[in-house]
Amino acid sequence: MRRLAGALGPPMAVVGAVLLGWQLGVWSLRPPPYLVPGPVDITRAFLSDAPRLLAAMGRTGLAAAAGFGLAALAGSALGSLLAASRFLQRGVYPLASLLQMVPLVALAPLLVIWFGYGGRATVASACIVALFPVLASTLDGLRSVDPGLKEMFALYRARRAARFWKLGLPSAAPSIFTGLRVAAGLSVIGAVVGEFVSGFGGEHAPLGIVILAALRESRTDLVFAAVGLSAVVGFLLFGVVSSLAWLALRNWHPSAL
Amino acid sequence: MTSIRLLLVLGSVPFFALSVRAGEPDRVRIQLDWVPEPEFGGIYAAQARGEFRKENLEVEVLKGSAGVATPQLVANGQVEFGIVAAEQLLAVRERGGALVAVYAVFQKNPLSLMVHAENPAHTLEEVWRGKGPVAVEPGQAFVRFLSTRYGGTPRLVPYQGALATFEADPTLAQQCYASAEPVELERRGQKVKVFPVADSGFDPYNGVVAVNGRYLAEHGDLVHRFVLALRRGWQAYLAEPTAFDPGIAALNPAMSREAMDLAAVKQQPFIESDFTRRHGLGTMDPKRWAELGRQLKDLGALKDEPDAAKVFTNP
Amino acid sequence: MHRLASAAIPMAMHGAPCGEPLGPRTREPCSTAATRTSGRGRGVGLKLLGVKKGFAGLPALEEITLELAPAAFVAVVGPSGCGKTTLLRMAGGLEQPEAGRVVIGEPARVSFCFQEARLLPWRTALDNVALPLELGGIGRGERRERARAALERVQLGDRVDARPAALSGGMRMRVALARALVTEPSLLLLDEPFGALDEVTRQELDDELLELWQVSGMTALLVTHSIAEAVYLAEEVVVLSRGPGRVVMRREISLPVRGPDARSTRSFQEHVVVLQKALAAGAGRRG
C-alpha cells in the first residue's frame, strides 16, 4: 500500500501543480471559453453530463481494450512465427512495419466499408495501431535470447516447442511487456480515430463522437473533458499491463526487482 | 531650398500618401466551410468579375473540408471572414467568441436528408423514425430538433462527406445540401428522395459570412465594401452560373461541371426570398435570429437567448 | 544410479570415514590411497584421437590425442587461445573435429559445466536443476525430488526456492553443478567453472567437486587456467602450448594426501612448479 502511494504521489503532485497553474492563468488572463477553458470549467462540463460521458468512456474503453487484446495475441503470435523463420522475417517484417506508416485517418474510412458502423471498425482501428509494437517487441525479444542458454537447451536436445515455451517466451517477456505498454496507449488513439468515422451518435456515442460534436458546437470544455476521459482509459490499460508485467517479472528481472 | 519649393514638396507628401493608400488594396481571407461548390458561387463570381478589386480589396479564398472549425478560426483572428452556420455562430458567441453575421447566402436552409429512391419513407418524419441508419455530422443542431419534434432518434452514424457509403447502403439516410449531393448522385444514375430539414420548422440561416466583432468595429468600412462586392458577385452568379462554374469545377475534381450547373439552378429558391427581393441579397431579418435563439435555448443547446440585434448586421 | 556402498569410501587419516561432516561446512578429506573406485561407479572412457580444429582457415588445435580411463579425472591447462575450450567442446559434441574422432564409452551421458552458470533467471534453483530431467520427459514429482537431492549434495538444500538473482556467484555455480549432476552423468566436462569466483569460494567448490567425483565415480575432464586447481583435483594434467595448441607435457599427479591439506605438501608445490615451467615454455614457443 505504501509502495502504491509512493508511486502515485509524485505524479499526482505534478498534475496538481499544472492544474493549479492552468486555472490561475485562466482566471487572470480570461481567455474566451471556446478557446481555452480552465480545469474548473472542464470539471463542470464533466459533472453536468457525467452519466453520458462515463457511458461514452465505457464504450471507447471496451473497444480499445478489445483492440489491444487482439493486437497482443496477434502481435505476439506473428512475432513468434517470424522469429522461427529467417525467410519469413525478411519477407514479412518490412511489410508489417508499413502498418505503422499508413496514416490511420486515411485507412479509417476503408475500415467502415469493410467492417460496418459501430464497434467492429473501431476495434479493428485500435488493433491495427497497436499491432506493430507488440510484433516488433516479440520478435526482438525472441531474437535476443542468451546464446549460452540456447546452447544449453541444444545440449539437452530440447524439442522446438520446449525451446519456445520454456526458454524463448520467458526470455522475451520483458521485451514483450515493453511493446504492450506502448500498444496500450496507442490502442486508445486508434479507437478514438476509428470512432470519428464509425461511431454511433446520440445516446450511444463513444468518446470520439462526443469530441467531434463538441468541436462543432464550440464546446471546448467538453472536448477537453472527453479527451481527459480517453487519457484515463489509456492509463487504465497501461496500468493493467504494468501490473501483469510486475507479476510476471517481479522475482527475477532487474526492471522489477 | 526656397520656401515655395519646400511648400510644394511638403504639399505633395499627403498626395503621395493618399495615392499609396488608395493604390494598395486591403488583403483579407475568407475561410469556406466546404470544398468549392456552387454554394459559394457568389464569391467566385465576384472574384472573376473583379468586384472585390473594384472595392479595393484582395480576397484570398481558403478551401474548406469536413470538420474545419470555421467559427473558431474567425473568432480567434486566424482569418478575417468565414462561412458558418447560424447555429454555430450563436454557440460560439455564448462561449466567448464574438462573431457577427454580415451576409446570409441561404435564406432557406438547404440542409436535407436524402434516401435512395426505393426507400419506403415518404416524409422527413418517416426517415427520422425509420429503422435505417442516418449519417449526420456529429454536433449538428437539427439532430436535437428533429428528435424533440418527432420523439425518438434513429441510429446515427458519422457523415464525413463521402458518397460511396451512401451508394453502397440502400437503408442509409444521409445529410446533404438539397442542391448539391442529390444532383451529383442523379448524374451518376442513383435516384434519390430529398427531405429538407427546414420543412420541419428548423430553418436557421446558412452559408453565413461572419466576421470577428472587434474586426468589424475597427474595419467597418472594409466590411461594408466586402459585402457590396459579394452581393454583386451573387447577383452575377444567379444570373448566369454557367459562366463561372468552370472556374469552380477546376478547384474541385469531385464534382462535375454538369452537376454544378444543375446545382446552381436547384439552389436558387434557397437563396432568393421575398425578404431579399425587398432588402437585397444576403440581408438578414432579426426575427429569424430571435426565433433561432429561442429554438436553441429550448433544445438546451444554448444557455440563454441572445440579443438578436447584436448578433448580425446588414452593412 | 544408486549411491555407492559406504565400504567403498576410503578411510581418512583421522579415522572417520571421509565425506562425513565434521562441522557445518567442513568435511573429512579423502586420501588418494585407494581413491579410485575402479570398476565401480558410472564413469565411462573418453578418447580424443588425433582431433584437429581450425577457425576461419587458421588452425586452433593441432592433432591432439587424449585418453581418459573410466572414472578418471584429467585436467587440461594452457595459455589463452591455446584451444583447450575447443578441445572440451569437441569432447562433448558441441563442435566437430576437422580430423580425428571422439569416442565415448557407453552409456554416454555427458554433462557440461560452463564458466557462466547459465541458469534460467525466471526459475527457482529447484526448477533450474530439474530442467534436464524436464526436457528429457521425466514427470514432475520425480524430477523435483531428484533435483532437491542434487541441491542437497551441493549444500544448497535450504535455497531450493531461491531465484538466481537472490544467490551469490558461488551459489549459482553450485546450482549449475547440481544441474550437471542431476542426470547422473557418466562423463562430466568442465570449462573453467570457477574462474569467475574469488579464491576462497573457488577452493570450497573445488573441494565439493572433488568429493562429488569420488562418490559418483564419473569420468571428469576439467579445463582450467589455474595450475593449482589442476594439481588439486586431477590425476593427470595435460599442458597445451600456445595456439595452435599441441600437447607439451602430460604429468601424472600423485599426492600423499587429497583434500585441503594437499596444498601445503611439498609434492604439490613440485608438481605446480614443473607444470608452470612447461606452460611457460609452451606459451613462449611459436606454434
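The contact between chain C and chain A takes 11 residues from chain C and 11 residues from chain A, where two residues count as in contact if their C-beta atoms, placed from the backbone, lie within 7 Å. By class, the side of chain C that touches chain A has 8 nonpolar, no polar and 3 charged residues. In this scheme Ala, Val, Leu, Ile, Met, Phe, Trp, Tyr, Cys and Pro count as nonpolar, Asp, Glu, Lys and Arg as charged, and the others, Gly among them, as polar.

The model is predicted: local features need pLDDT of at least 70 and side-chain atom pairs count only at pLDDT 80 or more, whereas totals for chains, interfaces and linings use all residues. Residues are numbered from 1 along each chain as its sequence is written, while chains are lettered from A and ligands numbered from 1 in the order in which they are written.

## Contacts between the chains

Of the 2 pairs of chains in contact, chains A and B share the most contacts. On that interface, 25 residues of chain B are in contact with 25 residues of chain A. Three elements of chain B, namely α4 (70-75), α5 (86-94) and β7 (156-158), each supply at least two residues of the side that touches chain A. Helices (H or I, at least four residues) and strands (E, at least two) are DSSP runs, numbered from the N terminus. The side of chain B that touches chain A comprises 13 nonpolar, 9 polar and 3 charged residues. Chains B and C, by contrast, are joined by no contact, and their closest C-alpha atoms lie 50 Å apart.

## Chains A and B

The table sets out values for these two chains. A residue is buried if 20 or more other C-beta atoms lie within 10 Å of its own, exposed if 12 or fewer, and partly exposed in between, with C-beta atoms placed from the backbone.

| Chain | Helices and strands | C-alpha extent along the principal axes | Residues and share buried |
|---|---|---|---|
| Chain A | 10 helices, 0 strands | roughly 70 × 50 × 30 Å | 257 residues, 43% buried |
| Chain B | 16 helices, 10 strands | about 90 × 45 × 35 Å | 315 residues, 48% buried |

Read along the sequence, chain A follows the pattern α-α-α-α-α-α-α-α-α-α. Among the contacts in chain A with a separation of 6 or more, 77% are accounted for by residues 24 or more positions apart. For chain B, the corresponding share is 76%.

## Helix packing

Two packed helices are described by the angle between their axes and the distance between the axes. The axes are lines fitted to C-alpha atoms, for helices over the stretch in contact, and angles run from 0 to 180 degrees between N-to-C directions.

In chain A, helix α6 (residues 119-143) and helix α8 (residues 160-198) pack at an angle of about 160°, with their axes 6 Å apart. Helices α6(A) and α8(A) are therefore roughly antiparallel to each other, a term for angles over 145 degrees; angles under 35 count as roughly parallel, 65 to 115 as roughly perpendicular and the rest as oblique. The crossing of α6(A) and α8(A) is right-handed: the near helix is turned clockwise from the far one by less than a right angle, whereas an anticlockwise turn would be left-handed. The contact of α6(A) with α8(A) consists of 18 nonpolar, 14 polar and 2 charged residues.

In chain B, the axes of helix α7 (residues 141-150) and helix α15 (residues 286-299) come within 10 Å and cross at roughly 70°. That makes α7(B) roughly perpendicular to α15(B). From α7(B), the residues B:A141, B:R144, B:F145 and B:T148 meet B:Q295, B:L296 and B:L299 in α15(B). The residues of this contact divide into 4 nonpolar, 2 polar and 1 charged.

## The sheet of chain C

Strands of a sheet pair through backbone hydrogen bonds, either parallel or antiparallel. In chain C, 6 strands form an open sheet in the order β5-β6-β7-β3-β8-β9, and the pairing is mixed; two strands pair if DSSP finds at least two bridges between them. The edge strands are β5 (110-113) and β9 (247-252) of chain C, each of which pairs on one side only. Neighbouring strands of the sheet are turned by 15° against each other on average, direction ignored.

At the edge strand β5(C), 4 bridges join β5(C) to strand β6 (residues 187-191) of chain C, and the two run parallel. C:C113 stands opposite C:L190 in β6(C). C:V110 and C:F112 point one way from β5(C), C:S111 and C:C113 point the other way, and all are buried.

Strand β3 (residues 73-77) of chain C is likewise joined by 4 bridges to strand β8 (residues 236-240) of chain C, and these strands run parallel. Within this pairing, C:V77 has C:V239 in β8(C) as its bridge partner.
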